[in-house]
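Visitor: I should like a close look at a single part of this model, with its surroundings described in order. Please keep the account connected.

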Amino acid sequence: MHKKALKYGKAEFNLYFCVHYFSSAHTHLIYMNRIILTLLFICPSLSAWAGGPWLKRPLRFIEPDSVVTWGYDGRDFRRLALQADSTARGERIPLTRPDFDARKRSYTAWKAAQPELNLAGGEGHPLHDPQGLSAAKWTVRAAQLFLMQGDACYADFFERVLYNAALHTATDTTLRRGTIDKFQAACLLLSAPGMMYATSSEADLYVNLYTNSTAAFQLPSVGHVTLDQVTDMPISGAVKIRFTQLKGNHRFSLHLRVPDWTGVRSTGNYVYVASDSSCIVPSIFVNGHEVEPLCVDEKGYVVIEREWKSLDEVYVDFPLRLQRALLATHHDALRGAPIAAEEAAFQWGPLVYFIPSVEARGCYVTTHSPLSLETNSDSLTGYPILRGTMYRSDGAVQDAEAPSVEFRCGAYGSLKGR
């Protein structure tokens with residue numbers, strides 16, 4: 001019995017021992033059944049606790065030099081980064097053995113820092129404090145944790161930083177060229193291609209960021225793959241992904257990140273509230289056939305496993321719309337109560353909007369305050385400009401009795417100064 005039991009883990013050994021011990025006495029059959037049922041429920045929990053959120057084998061990012069990005073208007077992360085600081089360098093975020101050994105400490109530090117991180121991806125007040133250094137620090141931590149856990153929440157953070165904290169700091173004209181914040185922000189933008197895609201040893205391909213790109217890489221057990229991504233995100237939510245240079249048919253899993261701002265899955269520290277308070281459910285098509293039912297796994301990805309060949313296309317449509325981003329702990333705001341305009345934040349896809357501090361003083365907004373996008377876009381990035389209405393806090397209880405004030409603001413990443 002002992003030799004046979006050694007083949008199993010501790011929990012399985014206990015189960016094996018209990019079965020054989022109690023089966024020897026007919027009078028204890030009832031107790032045996034109860035213990036077996038209890039162990040069947042407890043063992044999966046113990047296994048999950050022991051392994052935590054970690055993958056058996058870490059993922060690997062595709063090398064930054066293997067990914068080419070571009071923008072139809074001549075603007076992309078790399079070009080904007082070099083305009084901000086020509087000395088900046090993009091690097092692959094490494095996962096070393098010491099990093100892996102310290103994974104539990106890193107995870108604990110990440111969880112502890114969440115209440116301090118702002119919606120732009122940095123720390124402190126996003127309109128008052130430089131964001132580049134803190135955004136770079138936590139992006140490295142998030143990237144390493146992603147490789148070890150494969151959770152989309154870390155890619156949500158990449159996206160938030162790149163489109164907001166990094167882009168804003170790199171293009172902020174009030175920051176002198178050569179400062180550590182501007183330099184780190186430029187380096188983050190140059191490193192963005194290296195966080196777009198990841199692979200596993202089991203031939204899984206992860207798509208983390210949606211932007212125009214061409215990636216050429218080796219996929220385990222498949223070989224050389226070229227992937228083209230064509231989109232005008234975040235202006236609209238249409239994304240087309242095409243595989244080329246695949247020799248023959250190959251079975252592997254494509255993991256498409258479902259962003260937190262869709263509301264389809266848990267959003268961590270923030271809650272996104274649209275006028276109709278419903279989720280933004282994406283539509284996904286493979287070679288013209290819709291993927292139904294659309295299932296998002298526990299890591300935040302839609303996983304499409306099939307045999308792929310050259311010229312196969314995946315089309316993803318994220319129906320973008322204006323939303324209010326509220327702290328999950330801000331219970332009054334979640335109930336629809338007014339919120340100070342200085343604390344208000346809005347989103348269009350990954351783009352964050354804040355009302356300029358000078359205009360916001362003495363005003364408030366509600367979940368029913370009018371919002372719209374202008375037809376004209378920002379001249380630097382091409383991102384939409386937000387127009388809305390707030391109300392002066394003159395002691396009036398109802399919006400109808402309070403003086404209304406119109407405001408307009410560009411996306412946080414396109415603001416040229418504070």
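Guide: What follows begins with one helix and then turns to a sheet and a loop. The model is a predicted one. Helix H4 spans residues 77–84, and its buried residues are Phe-77, Leu-80, Ala-81 and Ala-84. Viewed along the axis of H4, these buried residues lie within an arc of 105 degrees, so they line one face of the helix. The general geometry agrees: an α-helix has 3.6 residues a turn, so residues three or four places apart point the same way. The cover over the buried residues of H4 includes helix H8 (152–171) and helix H9 (180–191).

The sheet is described next. Seven strands form an open sheet with antiparallel pairing, in the order S2-S5-S6-S7-S13-S10-S11. Its edges are strand S2 (67–69) and strand S11 (289–290), each of which pairs on one side only. Within this sheet, strand S5 (residues 213–219) and strand S6 (residues 223–231) pair in the antiparallel sense over 7 bridges. One residue pair illustrates the pairing: Phe-217 has Val-225 in S6 as its bridge partner.

A loop residue completes the account. Ser-369 is located in the loop between strand S18 (363–365) and strand S19 (371–377). Its relative accessibility is 4%, and Ser-369 therefore counts as buried, the cut-off being under 20%. Leaving aside residues up to four places away in sequence, Ser-369 touches Arg-324, Thr-389 and Tyr-391.

Key: Residues numbered from 1 in each chain as written. Predicted model: local features only at pLDDT ≥ 70, side-chain atom pairs only at ≥ 80, totals over all residues. Heavy atoms only, no water. Buried < 20%, exposed > 50% of the residue type's maximum accessible area, 1.4 Å probe, protein only. Helix = DSSP H or I, 4+ residues; strand = E, 2+ residues; numbered from the N terminus. Arc of directions from axis to C-beta. Contact = heavy atoms within 4.5 Å. Pairing = 2+ DSSP bridges.
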